[in-house]
Amino acid sequence: MTLADDRHLSAPPVAVQTAVERRDRMFGWLISSPSLGLLFLVILFPVFWALFTSVHDYTLIAPNFDTFNGLDNYMKAAGDPEFRHTLRLTAFFVAAVVILEFALGFLIALMLHTVERFKSVYYAILLCPLLMNPVIVGLIWRMFLHPSLGIVNYLLSLVGIEPVNWLGSTKVALWTLVMVDIWHQVSFMIVLLLAGLSALPREPYEAARVDGASIFRSFWHITLPLMWPVIAVTLLIRLIFAVKTYDLIYIMTRGGPGVATDLVSYFIYRTAFVSLNIGEASAMSAILLAVILGLTAWLHRYMRSLT
């Protein structure tokens, strides 16, 4: 009897394999069903409910689903100049905070990567802003940036600079929010990027040092290519959370002055709970979700093309 015959005889029948696989699959579904049910209730059900509401004329004045209006709410949202303005404003805000936070965070992470002493102290200092609630951050910076009583204008007056109306000027308010968001969230970039740098292998750097490569060439040809997966994940997460920025707007500016800081999340809130139009606000939320998914898919594909 040949070895092939022995293998054939020792292999279980196909029917037995199929039954075992079916049993394992059913057991897997049974074990994961509580988590899947909780996931549906917490995430999927609100999304489906919002989509269902978005195709009805549902308001807090008449909270019922008697009137089905199809895509009317979506057409109103797409034709609303204020909604398009908030989308453009949000795109500018997201681009500014993500690019600046990444550049500053990567620079600080590279600096801390070379530090040996007191690294735990630096970690603790960097994590302090990230651990603070956004509402607390907004209240603190609102006091700091007060035009007459804030410490920021007081420090500027010591060097002869006139007070700035940080939150009351249409030219400065959005950049002020960008600055506050960077102060609050740049630690997130630093921690993730520093973790990625710490996990890089040492062998390519030792080989480059033997070949006489400069620090810049090692960074460009070794560090960046190896860091692309970490950079992609970091940018994706930060992009998603930046689009949803709401807390700072509500606490610091309420969308003002005028509509200078009226980002899309706050505008949807106003549509739902000030204008009381839940159906149209749900349609705007669905559009925002589609935009976020599209940006995430594009950025993920772009980052994969670079690796």
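This is a short talk on one pocket, one helix and two buried residues in the structure above. Before anything else, please keep in mind that what we are looking at is a predicted model.

Let me begin with the largest pocket, which holds about 700 Å³ of space and is lined by 24 residues. If you want to place yourself at the centre of the largest pocket, the lining residues that lie nearest to that point are Val 47, Ala 50, Ser 285, Ala 286 and Leu 289. Two or more lining residues come from each of helix 2, residues 14-54, helix 12, residues 264-273, and helix 13, residues 278-306, and it is helix 13 that supplies the largest share of the lining, with 8 residues. As for the chemistry of that lining, sorting its residues by class gives 19 nonpolar, 4 polar and 1 charged.

I turn now to helix 6, which runs over residues 134-144 and whose buried residues are Val 137, Gly 138 and Trp 141. Those residues lie on the same side of helix 6, because the arc they cover around the axis is only 100°. What do the buried residues of helix 6 pack against? Their partners are helix 7, residues 151-158, helix 8, residues 173-198, and helix 11, residues 247-253. There is also a detail at the start of helix 6, where Asn 133 has a side-chain oxygen that comes to within 2.8 Å of the backbone nitrogen of Val 135.

Helix 7, one of those packing partners, contains Asn 153, so let us look at that residue next. Is Asn 153 buried or exposed? Its relative accessible area is 4%, and since the cut-off for buried is under 20%, Asn 153 counts as buried. Setting aside residues up to four places away in sequence, Asn 153 touches His 146, Pro 147, Pro 163, Val 164 and Trp 166. For a sense of distance, Thr 253 sits 100 residues away from Asn 153 along the chain, and the C-alpha atoms of the two are separated by 18 Å.

The last residue I want to show is Thr 223, which belongs to helix 10, residues 215-243. Thr 223 is buried as well, its relative accessible area being 5%. Once its neighbours within four places in sequence are left aside, the residues in contact with Thr 223 are Leu 197, Leu 200, Tyr 205 and Ser 218.

Notes: Residues are numbered from 1 along each chain as its sequence is written. This is a predicted model: local features need pLDDT of at least 70, side-chain atom pairs count only at pLDDT 80 or more; totals for chains, interfaces and linings use all residues. Side-chain values use heavy atoms; hydrogens and water are left out. On a 1 Å grid over the protein atoms alone, a cavity is a set of points where a 1.4 Å probe fits but cannot get out, and a pocket is an open set with protein on both sides within 12 Å along at least five of seven lines; lining residues have an atom within 4 Å of a point. Grid points are joined across faces, edges and corners, and a volume is the space filled by probe spheres set on the points. Helices (H or I, at least four residues) and strands (E, at least two) are DSSP runs, numbered from the N terminus. Ala, Val, Leu, Ile, Met, Phe, Trp, Tyr, Cys and Pro count as nonpolar, Asp, Glu, Lys and Arg as charged, and the others, Gly among them, as polar. Buried means under 20% relative accessible area, exposed over 50%, partly exposed in between (1.4 Å probe, protein chains only). The arc is that of the directions from the helix axis to the C-beta atoms. Contact means heavy atoms within 4.5 Å. A polar contact is a pair of N or O atoms within 3.5 Å; within protein, one must be able to donate a hydrogen and the other to accept it, and residues adjacent in sequence count only if both atoms are side-chain atoms.
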